[in-house]
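Hello,

Here is the structure I promised to pass on to you. Have a look at it first, and then read my notes underneath.

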Amino acid sequence: VIDGPFTETKELIAGFWIWQVRSMDEAVEWLKRAPFDGGTEIELRPVYEASDLGENFTPELRERD
């Protein structure tokens, strides 16, 4: 008998923070200040806005968006 296909809540701790920083290096510097122990696994991901796409964000894509 199993509980189901999902990890039990007591076995999974997750969350996320969103920081507005100028670079990935700045994000790493902020992360070094976070209250984690040495064995914690962290994943940093950039988040982009439409304005970050520049000329590639064509009027057709703006219309669709």
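**The largest pocket**

The largest pocket has 27 residues in its lining, and Trp-17, Ile-18, Trp-19, Leu-44 and Arg-45 are the ones nearest its centre. Please keep in mind as you read that this is a predicted model. The volume of this pocket comes to about 1,100 Å³. What kinds of residues make up the lining of the largest pocket? It divides into 16 nonpolar, five polar and six charged residues.

**Aromatic rings**

Two of the residues named above turn up again here. A search of the whole structure gives one aromatic pair. Its members are Trp-17 and Trp-19, with ring centres 5.6 Å apart and planes at 45 degrees, so the pair is tilted. To count as stacked, the planes would have to be under 30 degrees apart, and to count as edge-to-face, over 60. Trp-17 is exposed, at a relative accessible area of 51%, while Trp-19 is partly exposed, at 31%. The cut-off for exposed is over 50%, which you can set beside the 51% of Trp-17.

Another tryptophan, Trp-30, has a charged neighbour: Arg-33 lies over the face of its ring, 4.4 Å from the ring centre.

**Salt bridges**

How many salt bridges does the structure hold? There are three, and you may like to find each of them on your screen.

- Glu-26 and Arg-22 form a salt bridge, with 3.4 Å between the closest N and O atoms. Glu-26 counts as partly exposed, at 22% relative accessibility, whereas Arg-22 is exposed, at 77%.
- Glu-29 and Lys-32 form another, and here the closest N and O atoms are 3.3 Å apart. Both residues belong to helix α1, which covers residues 24-32, and they sit three residues apart, about one turn of the helix. Glu-29 is partly exposed, with a relative accessible area of 40%, and Lys-32 is exposed, with 61%.
- Glu-43 and Arg-45 bring their side chains together in a salt bridge at 2.6 Å, N to O. Are these two residues buried or exposed? Both Glu-43 and Arg-45 are exposed.

Arg-45 is a good residue to end on: besides its salt bridge with Glu-43, Arg-45 is one of the lining residues nearest the centre of the largest pocket. Trp-17 and Trp-19 are also among those residues, and they form the tilted aromatic pair.

Enjoy exploring, and do write back with any questions.

Best wishes

Key:
Residues are numbered from 1 along each chain as its sequence is written. This is a predicted model: local features need pLDDT of at least 70, side-chain atom pairs count only at pLDDT 80 or more; totals for chains, interfaces and linings use all residues. Side-chain values use heavy atoms; hydrogens and water are left out. Rings of Phe, Tyr and Trp (its six-membered ring) pair if their centres lie within 6.5 Å; planes under 30 degrees apart count as stacked, over 60 as edge-to-face and the rest as tilted. Buried means under 20% relative accessible area, exposed over 50%, partly exposed in between (1.4 Å probe, protein chains only). A charge sits over a ring if NZ of Lys or CZ of Arg is within 6 Å of the ring centre and within 35 degrees of the ring normal. A salt bridge is a side-chain nitrogen of Lys or Arg within 4 Å of a carboxyl oxygen of Asp or Glu. Helices (H or I, at least four residues) and strands (E, at least two) are DSSP runs, numbered from the N terminus. On a 1 Å grid over the protein atoms alone, a cavity is a set of points where a 1.4 Å probe fits but cannot get out, and a pocket is an open set with protein on both sides within 12 Å along at least five of seven lines; lining residues have an atom within 4 Å of a point. Grid points are joined across faces, edges and corners, and a volume is the space filled by probe spheres set on the points. Ala, Val, Leu, Ile, Met, Phe, Trp, Tyr, Cys and Pro count as nonpolar, Asp, Glu, Lys and Arg as charged, and the others, Gly among them, as polar.
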